[in-house]
Amino acid sequence: MAVKQTAGRNQLGVVAPKFAELNDDVLFGEVWAREDKLPLKMRSIVTVVTLVAKGMVDSSFEYHMATAKANGVTRDEMAEILTHEAFYAGWPNAWAAFRVLLTVYGNEADDGQGATFTPTFGMGEPNDAYAAYFTGQSYLNPLASADEAGAALSNVTFEPGCRNNWHIHHADKGGGQVLIVTDGCGWYQEWGKEPQLLAPGDVVVIPEGVKHWHGAAADSWMSHIAYGVPGENCSNEWLEPVSDDQYPQA
């Protein structure tokens, strides 16, 4: 399932509206959507290989590697792709790409004990106080109190497949929430809209009163910093869980 892209309009809509249109509507809206001609997994592989060959291992490359993971490219497949690519694109380019691989995929244990994941801002403790509002296991690491930062600032980590319930941030004035993705790969969705892929560096501004959910991809851990925007009479309304039909499996 191709996800609607808005990065062009968000970043260049005022400065270069035509470029933004071509990026969002043609490249992603039309070319990437031609899944009957070339599967999304293969399109991701082609994109990653091309960017490595050009030495463009930047934030956009991290986004495309996270997209590749969401499109079904496994860690072992990506490692083999980069190893093969190193002989054609250059050893330094491959080394740089492998550093991004470790960020997006994490360090997976090979002793049968499962994956290890070390978030940039710490795992914290099991988020037991809010377990009733999550599908799967989440972890909470408080970073600053409301007195210190104006509102609570916390790092939230989701195991693969974990997501919170649909919920709404209410406030009489101000309010809402800001998410800053720091590790792994995940999803954010507002009610009535398509899911939005999340990769490290993405920032999501959630207005007051908007029904939404967020969580990890099916095969990836994900961590984000959550900042509650200050407001008057702020509260959270927790709603129904995100069903398997609603949750993106790819």
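Which residue follows helix 5, and what is the sign of its phi? Helix 5 is followed by Gly 90, and the phi of Gly 90 is positive, near 110°. Keep in mind as you look around that this is a predicted model.

Let's stay with helix 5, which runs over residues 75-89. A simple check works nicely here: at 1.5 Å a residue, its 15 residues should span 21 Å, and the C-alpha atoms at its ends are 20 Å apart, which agrees.

Now look at which side chains are hidden. Met 78, Ile 81, Leu 82, Glu 85, Ala 86 and Ala 89 of helix 5 are buried. If you look down the axis of helix 5, these buried residues fall within an arc of 145°, so they line one face of the helix. Turn to the other side of helix 5, and you meet Asp 76, Glu 80 and Phe 87, which are exposed. What covers the buried residues? The cover includes helix 3 (40-53), helix 4 (59-70) and helix 6 (91-105).

Next, travel back towards lower residue numbers. In the loop between helix 1 (7-12) and helix 2 (17-31) you will find Val 15. Val 15 is exposed because its relative accessible area is 71%, and exposed means over 50%. Together with Leu 12, Val 14 and Phe 19, Val 15 makes a nonpolar surface patch of about 450 Å².

Helix 2 itself holds Asn 23. This time the relative accessible area is 18%; buried means under 20%, so Asn 23 is buried. Asn 23 and Arg 9 are 14 residues apart along the chain, and their C-alpha atoms are separated by 8.6 Å.

Methods:
Residues numbered from 1 in each chain as written. Predicted model: local features only at pLDDT ≥ 70, side-chain atom pairs only at ≥ 80, totals over all residues. Heavy atoms only, no water. Helix = DSSP H or I, 4+ residues; strand = E, 2+ residues; numbered from the N terminus. Expected span 1.5 Å × (residues − 1). Buried < 20%, exposed > 50% of the residue type's maximum accessible area, 1.4 Å probe, protein only. Arc of directions from axis to C-beta. Contact = heavy atoms within 4.5 Å. Patch = residues over 30% accessible without salt bridge, like charges linked within 9 Å, V, L, I, M, F, W, Y side chains within 5 Å. Areas by Shrake-Rupley, 256 points an atom, 1.4 Å probe, with all protein chains shown as cover. Salt bridge = Lys/Arg side-chain N within 4 Å of Asp/Glu carboxyl O.
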